[in-house]
Amino acid sequence: TPGSSPRNLLDMDTFSKSDPVVVLFVQVSGSSEWKEFGRTEVIDNTLNPDFVRKFVLDYYFEEKQNLRFDVPPGSHSAFFGAQDFLGQAFVALGEVIGSQRGRLERPLMGVPGKRCGTILLLAEELSNCRDIITMQLCANKLDKKDFFGKSDPFLVFYRSNEDGTFTICHKTEVVKNTLNPVWQPFTIPVRALCNGDYDRTVKIDVYDWDRDGSHDFIGEFATSYRELSRAQSQFTVYEVLNPRKKCKKKKYVNSGTVTLLSFSVESEFTFVDYIRGGTQLNFTVAIDFTASNGECAWCLWGSPSPWRWPWGGCDGHCTAGLPSQPTSLHYASPYQLSAYALALKAVGEIIQDYDSDKLFPAYGFGAKVPPDGKISHQFPLNNNVENPSCAGIEGVLESYLQSLRTVQLYGPTNFAPVINQVAGTAAQVTDGSQYHVLLIITDGVISDMLQTKEAIVTASSLPMSIIIVGVGPAEFEAMEELDGDEVRLSSRGRYAERDIVQFVPFRDYVDDSGNQVLSMARLAKDVLAEIPEQLLSYMKTRDIKPRQADP
């Protein structure tokens, strides 16, 4: 977890000092591309900032992990010009970790003809401690620092390092114009406060906030996690001492007191904790069998077609939509699976490892099904209404290919029936032992948007997630809306309780080099990336803790 502390930065502001922020970029493995990893907070009006926010990186001994630290003048704008740039430094993560005491100082470069100062990087391995502390403090009779009013106090917490130095780990909010502040409760990971060492010193400074950034030091006191934890049964009062005042004034007692009002600890559980505790992931597949999966020349050219339905695509009378034709998205050549089959294998082969019985319900929608040719938006691929489950991903693939030979691609494209089907199953067991993942593979031409939004909003309170893979060349604006990453999904005035939908377009993963294995691995990684957090968000909102794993 590298921390950063620039020193002696360029002063780019006319009437005050710079307002720096550090932006970390990580070089993409095997390429010259840099991706932004994160940013520190902005610290106003200083050339020697100490940042609280740290960057938590996975460290791999066998890889060269190149890092770039940019120091723009602040984040008041998303963009900054070259004239405002304060400098940058390049370093490999291994260099920081391998340096003495995990501390590496590098000069900032990038502004011709000027010394840009330096950046001090500190790396420390995080402990496995996942406990989260919630505490609240107040103060009494602090020193008055402001000429026209009382002080504006805030606290700064420092964790002691193994070499005897201190690193900022938390700042409270400022409480204006009082000598007896009560700060809001706040949470902090135990590893951030003391790196899991319960007896490690925690130093707390008390400051009076000033608008120009030259905050006045009121005093300090020291404690430890172990000492703080005793406040669970009793109030703990600390004397705030100012060493300089103590030396100057014989009758000096203190600069006020700080009282720990409350202190509690909760464990922060991970996805692995729930899986080890027995939570099962139940995987359900739904595949789009509508005729829009293959367009005839009339449809492709946008001409009036005698076979075009109002919801888009052909009505099945033309041959372009037939799975046996190369124009169909369901077409599988003798040498390669269809996009549908590839997406199904990529996601299913990973998620099946978390399902003990390896039985997966699989449905199709938007087709005319035998024997009477009725349109169905929820037909079992194995043709077994009583038991739609298939044995393993290979069983799902086999049933999918068999359905292509027996049903007629038709329409419209309705998502709501199959979402409601899985939601009904998820609603039967809500104790955290079962979590459902629905994979919808579609060409993206959705017909029942209002009903689908209603179904997803309802499902967001249940133990389930929805993955949508869009195949083909269509525009996927509707899918992006369902994803809800930018704007929380809502329906008839109700908002989704959680974000449970992840959408990706299949075409983004078609590798020009023809490396199908690598392409599908990337697809699976991206569509499954949000599942752990979505599962955790459900467990947390329901206060469900992992079951203890069997010895």
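**Exercise 1. Which residues line the largest cavity?**

Solution. The model is a predicted one.

Step 1. Begin with the count: one cavity of 30 Å³ or more is present in the structure.

Step 2. Take its size. The volume of the largest cavity is about 60 Å³.

Step 3. List the lining. Ile-456, Ser-460, Leu-482, Asp-483, Gly-484, Arg-488, Leu-489, Ala-496, Arg-498, Asp-499, Ile-500 and Val-501 line the largest cavity.

Step 4. Sort these residues by type. The lining of the largest cavity has six nonpolar, two polar and four charged residues.

**Exercise 2. Determine how helix α9 is set against helix α10, and which residues meet.**

Solution.

Step 1. Locate the helices: α9 covers residues 416-426 and α10 covers residues 449-459.

Step 2. Compare the axes. They come within 9 Å of each other and cross at roughly 15°. Because angles under 35 degrees count as roughly parallel, α9 is roughly parallel to α10.

Step 3. Assign the hand: the crossing of α9 and α10 is left-handed.

Step 4. Identify the contact. On the α9 side are Ala-416, Ile-419, Asn-420 and Ala-423, and these meet Gln-451, Thr-452, Ala-455, Ile-456 and Ala-459 of α10. Six of the contact residues are nonpolar, three are polar and none is charged.

Step 5. Link this to Exercise 1. Ile-456 belongs to the α10 side of this contact, and Ile-456 also lines the largest cavity.

**Exercise 3. Determine whether α7 and α8 run roughly parallel or roughly antiparallel, and describe their contact.**

Solution.

Step 1. Locate the helices: α7 is residues 339-351 and α8 is residues 392-406.

Step 2. Compare the axes, which come within 10 Å and cross at roughly 160°. Since angles over 145 degrees count as roughly antiparallel, α7 is roughly antiparallel to α8.

Step 3. Assign the hand: α7 and α8 cross in a right-handed manner.

Step 4. Identify the contact. α7 contributes Tyr-340, Ala-341, Leu-344, Lys-345, Gly-348 and Glu-349, while α8 contributes Ile-393, Glu-394, Val-396, Leu-397 and Tyr-400. By type, the contact of α7 with α8 has seven nonpolar residues, one polar and three charged.

**Exercise 4. Find the cis peptide bonds that precede Pro-371 and Pro-412, and a positive phi at Asn-195.**

Solution.

Step 1. Recall the background: most residues other than glycine have a negative phi, and most peptide bonds are trans.

Step 2. Check Pro-371. The bond between Pro-370 and Pro-371 is cis, with omega about 5°. Pro-371 lies in the loop between β18 (367-369) and β19 (374-376).

Step 3. Check Pro-412. Gly-411 is joined to Pro-412 by a cis bond whose omega is near 0°. Pro-412 sits in the loop between β22 (408-409) and α9, the helix treated in Exercise 2.

Step 4. Check Asn-195. Its phi is positive, near 55°, although the residue is not glycine. Asn-195 is in the loop between α2 (190-194) and β12 (201-208).

Notes: Residues numbered from 1 in each chain as written. Predicted model: local features only at pLDDT ≥ 70, side-chain atom pairs only at ≥ 80, totals over all residues. Heavy atoms only, no water. Axes fitted to C-alpha atoms, helices over the stretch in contact; angles between N-to-C directions. Helix = DSSP H or I, 4+ residues; strand = E, 2+ residues; numbered from the N terminus. Parallel < 35°, antiparallel > 145°, perpendicular 65-115°, else oblique. Left-handed = near helix turned anticlockwise from the far one by under 90°. Contact = heavy atoms within 4.5 Å. Nonpolar A, V, L, I, M, F, W, Y, C, P; charged D, E, K, R; others polar. 1 Å grid on protein atoms, 1.4 Å probe; cavity = no way out; pocket = protein on both sides within 12 Å on 5 of 7 lines; lining within 4 Å. Points joined across faces, edges and corners; volume = space filled by probe spheres on them.
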